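Subject: Structure for you to look at

Dear colleague,

I am handing over the structure we talked about, and I would be glad if you could open it before reading on. My notes come after it.

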Amino acid sequence: MPAPGPPLGMLAELTHRCPLQCPYCSNPVDLLKSDAELDTDSWLEVFTQAADLGILQVHLSGGEPALRQDLEALVACLAERGVYTNLITAAVTLSEQRIADLAAAGLDHVQISFQGTNPETTELISHYKGAHEKKLRAARWVRDAGLPLTVNAPIHRCNFDQVEQFVDLALELDADRLEIANVQYYGWAYLNRTALLPGPEEVARQAVFVEDARERLTGILNIDFVTPDYYAEYPKPCMGGWGNDAMAIMPDGTVLPCHAAQTITSLNFDRATDRPLAEIWNNSDAFERFRGTEWMQEPCRSCPRKDLDFGGCRCQALALTGDAAATDPACIKSPNHDALRRMATRASETGSGELIYRRIGSQGEPVA
Ligand code: SF4
Ligand code: SF4
């Protein structure tokens with residue numbers, strides 16, 4: 001196989017700590033505690049190597065990345081090397097001063113997630129009192145600091161009827177971009193899928209509204225719309241293809257081809273503290289295994305779309321079929337597609353409403 005090109009993007013999950021407890025969280029159920037996190041020097045070394053490797057954009061995420069007191073230093077390290085930085089935050093811990101400090105350190109962009117468009121929904125989903133007001137305040141401070149803002153709206157059964165209000169909220173906050181992203185079912189979200197999956201008609205209604213809003217608001221607000229894989233006809237090109245142009249780093253420095261890849265326990269993952277990032281990207285078992293199209297089975301192997309979607313998501317294939325090399329069941333050509341669609345529709349009609357909140361150390365037990 002020819003040598004891969006350089007990665008362009010990196011998702012850096014700086015910590016799994018988070019004051020919120022969203023049941024749709026894509027973090028692994030087995031969350032890492034703070035004593036497992038890389039220290040400041042190790043993150044600075046990772047980001048220096050990332051810039052040398054050609055990475056152009058780093059998404060600083062978590063958990064809640066603002067819980068890292070060294071966030072300004074990490075942003076500055078990337079900014080000095082010309083790397084674009086995007087902070088993905090729940091925003092409840094951000095003060096006006098902290099946002100100004102991050103802007104001064106060279107932060108380029110902020111994405112704030114809203115669990116709902118009103119305090120009741122935001123608190124129900126985040127399990128955090130006062131979250132909504134804090135998010136609104138932080139969003140205004142972001143704009144006051146001159147930073148571009150994206151409003152992230154993760155959509156599921158408890159808030160699918162608020163899509164219209166999310167557009168109003170994004171306009172009111174002077175956001176540049178709104179991401180209406182139906183939850184993808186990994187980590188805690190997978191655990192909660194029967195409580196969170198909307199029905200196919202509810203997704204179709206969102207699509208019609210978003211199409212209309214996009215047209216109406218051209219030049220005013222960019223709206224991205226992500227449908228749930230479970231109701232798709234074809235899968236998304238997960239991470240733009242395995243080991244193709246992006247990598248993810250966990251709080252303890254484990255380097256992954258995608259943030260959910262550790263569910264594929266047959267792969268060996270390296271840590272950025274044990275092996276140079278360039279070597280991990282170019283030669284490691286985890287990145288090589290599903291890179292390109294050679295590894296594919298039928299129907300992907302002979303499919304004309306294989307260079308477009310790379311056979312979909314490996315983690316989803318494993319979770320739903322037991323085989324990480326299988327065609328993603330989100331694809332209509334997968335022999336498992338009809339069963340997935342039936343399961344999703346049934347869950348959306350009859351699934352339990354009980355939410356399992358995300359907590360470090362809980363291993364998925366309901367919150368008392
Ligand atoms: S999805 Fe919710 S719980 Fe998970 S990291 Fe984001 S804000 Fe925290
Ligand atoms: S068969 Fe494989 S390559 Fe073809 S569309 Fe489906 S997932 Fe993509």
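Below is what was found, beginning with the sheet and ending with the ligand. Please keep in mind throughout that this is a predicted model.

The sheet is open and is built from 9 strands, which follow one another in the order 7-6-5-4-3-2-1-8-9 with mixed pairing. Strand 7 (222-226) and strand 9 (255-256) stand at its edges, and because each has a single partner strand, one side of each is left without a neighbour in the sheet. Further in, strand 5 (residues 149-155) runs parallel to strand 6 (residues 177-182), the two being joined over 6 bridges, and one pair to look for is Asn-152, whose bridge partner in strand 6 is Glu-179. Across strand 5, strand 6 and strand 7 lies helix 9 (residues 200-216), which runs at about 160 degrees to strand 7.

The largest nonpolar core holds 102 residues, and those that touch the most other members are Val-58, Val-151, Phe-166, Leu-178, Ala-189 and Ile-249. If you take Val-58 as a way in, its contacts beyond four places in sequence are Met-10, Ala-12, Phe-47, Ala-50, Leu-78, Val-83 and Thr-85.

Two loop residues may also repay a look. Pro-23 sits in the loop between strand 1 (9-13) and helix 1 (40-53), and it counts as buried because 27 other C-beta atoms lie within 10 Å, where 20 or more are needed. Leaving aside neighbours within four places in sequence, Pro-23 is in contact with Trp-188, Asn-192, Ala-195, Leu-196, Leu-355, Ile-356, Tyr-357 and Arg-358.

Ala-272 belongs to the loop between strand 9 and helix 10 (277-283), and this residue is likewise buried, with 23 other C-beta atoms within 10 Å. Not counting residues up to four places away in sequence, Ala-272 touches Val-46, Ile-249, Gly-253, Val-255 and Leu-277; of these, Ile-249 was named above among the core residues that touch the most other members. From Ala-272 to Glu-294 there are 22 residues in sequence and 27 Å in space, C-alpha to C-alpha.

Finally, which residues come nearest to ligand 2? Of the 14 residues around ligand 2, they are Cys-300, Cys-303, Arg-305, Lys-306 and Cys-331. The shell around ligand 2 divides into 6 nonpolar, 3 polar and 5 charged residues.

With best wishes

Note on methods
Residues numbered from 1 in each chain as written. Chains lettered and ligands numbered in written order. Predicted model: local features only at pLDDT ≥ 70, side-chain atom pairs only at ≥ 80, totals over all residues. Near = placed C-beta within 6 Å. Nonpolar A, V, L, I, M, F, W, Y, C, P; charged D, E, K, R; others polar. Pairing = 2+ DSSP bridges. Helix = DSSP H or I, 4+ residues; strand = E, 2+ residues; numbered from the N terminus. Contact = placed C-beta atoms within 7 Å. Axes fitted to C-alpha atoms, helices over the stretch in contact; angles between N-to-C directions. Core = buried A, V, L, I, M, F, W, Y, C linked by C-beta atoms within 7 Å. Buried ≥ 20, exposed ≤ 12 C-beta atoms within 10 Å, placed from the backbone.
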